[in-house]
Amino acid sequence: MNSDGSEQTQIKPLEGGGAVFTQDGKLLYHSKRESYEICIADIDGSNIVRLTNNDAKELHPDISPDGKQVAFMSDRDGNFEIYVMNIDGSNQKRLTNNNHEDWNPSWSSDGSKIIFQSSEADGKHVNIMNTDGSSARRFIANASGAAWLKIHK
């Protein structure tokens, strides 16, 4: 669709959610058709490539500001944790490792931090960590659904 809302078009071949645009004009999303895998496709829905491929649910991808990495959530290790991988699906790494659910990662505009929701025993909180998973800490108590403001120049 255009920025004024005109010329809306449904991308019919794609089933899923969490869609974000890449810098090169592709669409990054989590599929429903392929058991909730992270996929990338051309803007018209063609040339679908699965970046993850396992029996886990993998959801809510967010692309790094430089367009080289994807943060996402996965339950491949028993509960939802935050992972990153290269934009081609290689080098998948688990960033969080705990016994509660971590959801919805979002990159900072400078690419140095990731915020995410954490469902802990004492409630839902927004946590922050470095992009290598280090220095994770509570950022906003009793909150959920935080995302970094993306500024496009």
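A strand here is a DSSP run of E at least two residues long, and strands are numbered from the N terminus. By that count, Ala71 sits in strand 6. Keep in mind that everything shown below comes from a predicted model.

**Figure 1. The whole chain is built from strands, with zero helices.** Start with the full picture before zooming in. The protein chain has 12 strands, so reading from the N terminus you meet β after β, with no other kind of element in the list. The C-alpha atoms fill a box of roughly 45 × 35 × 25 Å along the principal axes. Is the chain about as spread out as a compact globule would be? For 153 residues, a compact globule would have a radius of gyration near 15 Å, and this chain has 15 Å, so the two agree. Buried residues make up 39% of the 153. About 8600 Å² of the chain is exposed, and 47% of that comes from carbon and sulfur atoms. Of the contacts with a separation of 6 or more, 26% link residues 24 or more positions apart.

**Figure 2. Four strands line up in an open sheet.** Which order do the strands take? It's 5-6-7-8, with antiparallel pairing. Strand 5 (58-63) and strand 8 (93-94) are the edges, each pairing on one side only. In general, the strands of a sheet pair through backbone hydrogen bonds. Zoom in on strand 5 and strand 6 (residues 69-74): they run antiparallel, joined by four bridges. Across that pairing, Leu59 stands opposite Met73 in strand 6.

**Figure 3. Here is the largest nonpolar core, with 11 residues.** Leu59 and Met73, the opposite pair from the previous view, both belong to this core. Other members are Ala71, Phe80, Ile82, Val84, Leu95, Trp107, Ile114, Phe116 and Met129. Strand 6, strand 7 (81-86) and strand 10 (113-120) each chip in at least two residues. Pick out Leu95 and look around: leaving aside residues up to four places away in sequence, Leu95 touches Ile82, Tyr83, Val84, Ile114, Met129, Thr131, Asp132 and Gly133. There's also a second, separate core of nine residues, including Ile40, Ile63, Tyr83 and Met85. As a rule of thumb, nonpolar side chains in soluble globular proteins tend to be buried together.

**Figure 4. Ala71 is tucked away in strand 6.** Is Ala71 buried or exposed? Ala71 has 0% relative accessibility, and buried means under 20%, so Ala71 counts as buried. Beyond residues up to four places away in sequence, Ala71 touches His60, Pro61, Asp62, Tyr83, Val84, Pro105, Trp107 and Ile114. Three of these names should ring a bell: Val84, Trp107 and Ile114 are also listed in the core of 11 residues. For a sense of distance, the C-alpha atoms of Ala71 and Asp55 are 18 Å apart, and the two residues lie 16 residues apart along the chain.

**Figure 5. Glu58 is buried, with polar contacts to Asn54 and Arg76.** Glu58 lies in strand 5. With 0% relative accessibility, Glu58 counts as buried. Which side chains make polar contacts with the side chain of Glu58? One is Asn54, at 3.2 Å, and another is Arg76, at 2.5 Å. Skipping residues up to four places away in sequence, Glu58 touches His30, Tyr36, Glu37, Ile38, Thr52, Phe72, Met73, Ser74 and Arg76. Ile82 is 24 residues from Glu58 along the chain, and their C-alpha atoms are separated by 9.7 Å.

**Figure 6. Ser31 is a buried residue of strand 2.** Strand 2 covers residues 26-31. Ser31 has a relative accessible area of 0%, so Ser31 is buried. Not counting residues up to four places away in sequence, Ser31 touches Glu15, Gly16, Tyr36, Glu37 and Cys39. Tyr36 and Glu37 also turn up among the residues that Glu58 touches.

**Figure 7. Strand 9 and strand 10 make a hairpin.** Five bridges join these antiparallel strands, and Trp103 has Gln117 in strand 10 as its bridge partner. Five residues lie between the two strands, and Gly111 in the turn has a positive phi of about 75°. Now look at His100, in the loop between strand 8 and strand 9 (101-107). The side chain of His100 makes a polar contact of 3.0 Å with the side chain of Ser118. Apart from residues up to four places away in sequence, His100 touches Asn79, Phe80, Glu81, Ser118, Ser119 and Glu120.

Note on methods:
Residues numbered from 1 in each chain as written. Predicted model: local features only at pLDDT ≥ 70, side-chain atom pairs only at ≥ 80, totals over all residues. Heavy atoms only, no water. Pairing = 2+ DSSP bridges. Core = buried A, V, L, I, M, F, W, Y, C linked by side-chain atoms within 4.5 Å. Buried < 20%, exposed > 50% of the residue type's maximum accessible area, 1.4 Å probe, protein only. Contact = heavy atoms within 4.5 Å. Polar contact = N/O pair within 3.5 Å; in protein donor to acceptor, adjacent residues only side chain to side chain. Rg over C-alpha atoms; globule rule 2.2 N^0.38 Å. Areas by Shrake-Rupley, 256 points an atom, 1.4 Å probe, with all protein chains shown as cover.
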